[in-house]
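These are my notebook entries on a protein model. I record below what I looked up, one topic at a time.

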Amino acid sequence: MERIIVGIDVGTTKVCTLVGEADAEDGLRIVGVGVAPARGIRKGVVVNVQEATRAIATSIEKAERISGYEIESAYVGLAGAHVSAINSRGVVAVNRGERGIQPADIERALDAARAIAIPHNREVLHVIPRSYTVDGDDGVRNPLGMQAYRLEVETHIITGATSSIHNLVKCVQTTGVGIDALVLEPLASGEAVLTDVEREMGVILADIGGGTTDIAIFIEGSIWHTVVLATGGEHITNDIAIGLRTPFTTAEELKIKHGHARPQAINPNETLDVAAFGEGGRQQVSRQFLSQIVEARAEEIFDLIRQEIKRSGYDGLLPAGVVLCGGTADLTGIRDLARDMLNLPVRIGAPQELHGLVDILESPAYATSVGLLQWGLRHDAPRPARVRRNGHFKLPGWLKAFLPERQKS
Ligand SMILES: Nc1ncnc2c1ncn2[C@@H]1O[C@H](COP(=O)(O)OP(=O)(O)OP(=O)(O)O)[C@@H](O)[C@H]1O
Ligand SMILES: [Mg+2]
């Protein structure tokens with residue numbers, strides 16, 4: 001059965017709504033994309049409900065227009081430095097005789113793990129089972145049907161600040177779209193860019209976006225550590241704007257076109273003609289100097305990532321190294337800088353094996369957006385599609401010209 005699934009990634013710089021059709025043979029086909037510049041979001045968190053709502057609505061409307069579906073509910077990404085995670089264990093007695101462990105027993109074990117003291121101003125976002133122990137035998141992936149007296153589960157519990165969560169929920173619901181689930185952004189990004197082999201071996205995912213750097217560590221196939229840091233690409237741009245006394249938009253363009261995370265790779269005589277504040281309005285800037293500004297902040301970000309890996313206690317257990325995604329992963333030279341600073345293999349990850357409207361999506365900046373669809377597919381049982389075909393919709397001719405062959409029905 002074909003299943004329609006919608007994801008909304010509310011980032012610091014962009015809001016991206018994707019509509020996907022999933023079926024058993026083809027995998028995921030993207031039939032709607034709506035990207036709008038983000039407003040009212042800072043460091044991954046809603047700071048202005050009206051502005052954020054409008055940006056989300058714009059993105060949803062675009063995705064509806066292109067897909068021809070009316071969106072009723074979606075998986076929504078959540079990030080921000082308020083998110084935190086702990087590992088917790090739940091134990092229950094089982095007495096099912098021949099039938100072995102039943103789904104209800106697993107549910108009880110998860111509830112037991114979940115029963116930790118959480119401050120009243122925080123909410124549980126995810127309770128992710130990492131592995132089970134059945135009558136003392138650990139490392140069990142799926143205990144269903146196993147005969148046992150005692151079932152233990154190791155979980156990774158992710159919580160967030162109630163106020164930040166509610167502000168995001170309010171923005172999305174005000175647009176008239178319900179929420180299937182809130183998904184922590186690095187979990188979504190991980191779905192889109194990590195391979196099963198990497199997750200098994202041990203890997204760090206770092207999604208360096210505009211306002212946040214999301215980190216997730218996977219070992220033996222499951223999540224062990226997550227954290228959201230409040231630093232990202234916008235900080236690099238800000239540094240350039242201040243360092244070169246130029247407007248933010250100019251700084252952003254300079255970073256993307258000419259910025260380099262390894263200034264030593266740049267010819268010291270190379271100069272750029274740059275807009276500046278004040279009289280005259282132009283200045284000559286050394287590209288190497290620009291890149292030194294970029295490097296300083298990028299180094300700081302990797303320093304934070306390095307500390308986080310250390311803090312997790314899993315350094316030395318991560319042979320698959322680091323996978324970078326998020327828009328800042330497109331920064332020239334970032335792979336080499338990351339490898340040198342973290343002393344681990346580094347690869348840039350982008351969503352792959354997509355069908356449909358894929359041209360902009362196969363880039364590291366869209367890892368979360370695509371991953372939200374994949375997370376929904378993997379973790380939730382299929383249910384009736386919560387979107388409707390919009391009967392009045394027809395693809396305009398100009399749009400058809402841009403679509404891949406199989407899309408133009
Ligand atoms: N080629 C590039 N070189 C350097 N930086 C880039 C490049 N392309 C995009 N970026 C940066 O990536 C950032 C946006 O990344 P992304 O779209 O992943 O962020 P976001 O999801 O909106 O924000 P967040 O996840 O932090 O809330 C911006 O700061 C942008 O300047
Ligand atoms: Mg993002």
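The entries that follow concern a predicted model.

**Entry 1. Serine 73**

I began with a single residue and asked in which strand serine 73 lies. I found serine 73 in strand β7, which covers residues 73–78. I then asked whether serine 73 is buried or exposed. Its relative accessible area is 3%, and because the cut-off for buried is under 20%, I entered serine 73 as buried.

Next I looked up what surrounds this residue. The side chain of serine 73 makes a polar contact of 2.8 Å with the side chain of aspartate 180. I also noted valine 177, which is 104 residues away from serine 73 along the chain. The C-alpha atoms of serine 73 and valine 177 are nevertheless separated by 5.0 Å.

**Entry 2. The sheet that holds β7**

I turned to the sheet and asked in what order its strands lie. It is an open sheet of six strands, and I wrote the order as β12-β7-β1-β2-β3-β20. The pairing in this sheet is mixed. I reminded myself that strands of a sheet pair through backbone hydrogen bonds, and that they do so either parallel or antiparallel.

The edge strands are β12 (178–184) and β20 (355–356), each of which pairs on one side only. I then examined how β20 is attached. Strand β3 (residues 27–37) runs parallel to β20, and two bridges join them. I recorded one bridge by its residues: arginine 29 has histidine 355 of β20 as its partner.

**Entry 3. Strands β16 and β17**

I looked up a second pairing, that of β16 (residues 271–275) with β17 (residues 282–286). These two strands pair in the antiparallel sense, over five bridges. In this pairing, threonine 271 is matched with serine 286 in β17.

I also asked which residues of β16 form its covered face and which its uncovered one. Leu272 and Val274 make up the covered face, whereas Thr271, Asp273 and Ala275 make up the uncovered one.

**Entry 4. Helix α10**

I asked how many residues helix α10 has. The helix spans residues 367–379 and has 13 residues. From its first C-alpha to its last, α10 reaches 17 Å, close to the 18 Å expected at 1.5 Å a residue.

The helix is mostly covered, with 10 of its 13 residues buried. Among the buried residues of α10 I listed Val370, Leu372, Leu373 and Trp375.

**Entry 5. The largest pocket**

I met α10 again when I looked up the largest pocket, since α10 is one of the elements that supply at least two residues of its lining. The others in that group are α2 (103–114), β9 (122–134), α4 (185–193), α5 (196–201) and β15 (222–229). The largest share of this lining comes from β9, which gives nine residues.

The pocket holds about 880 Å³ of space and is lined by 28 residues. Val127, Ile128, Pro129, Trp375 and His379 lie nearest its centre. By class, I entered 11 nonpolar, five polar and 12 charged residues.

**Entry 6. The second largest pocket**

The second largest pocket has a volume of about 650 Å³. Of the 31 residues that line it, Thr13, Gly209, Gly210, Gly327 and Thr328 lie nearest its centre. β1 (3–10), α6 (233–244) and α7 (248–258) each supply at least two residues of the lining, and α7 gives the most, with four. This lining divides into seven nonpolar, 15 polar and nine charged residues.

**Entry 7. Cavities**

Finally, I asked how many cavities of 30 Å³ or more the model has. The count comes to two. I examined the second largest cavity, whose volume is about 70 Å³.

Among the residues that line this cavity are Val10, Gly77, Leu78, His82, Ser164 and Glu185. The elements that give two or more residues to the lining are β5 (45–46), β7 and α3 (162–174), so strand β7, where I had placed serine 73, appears here again. The lining of this cavity has seven nonpolar, four polar and one charged residues.

Terms used
Residues numbered from 1 in each chain as written. Chains lettered and ligands numbered in written order. Predicted model: local features only at pLDDT ≥ 70, side-chain atom pairs only at ≥ 80, totals over all residues. Heavy atoms only, no water. Buried < 20%, exposed > 50% of the residue type's maximum accessible area, 1.4 Å probe, protein only. Polar contact = N/O pair within 3.5 Å; in protein donor to acceptor, adjacent residues only side chain to side chain. Expected span 1.5 Å × (residues − 1). 1 Å grid on protein atoms, 1.4 Å probe; cavity = no way out; pocket = protein on both sides within 12 Å on 5 of 7 lines; lining within 4 Å. Points joined across faces, edges and corners; volume = space filled by probe spheres on them. Nonpolar A, V, L, I, M, F, W, Y, C, P; charged D, E, K, R; others polar. Pairing = 2+ DSSP bridges.
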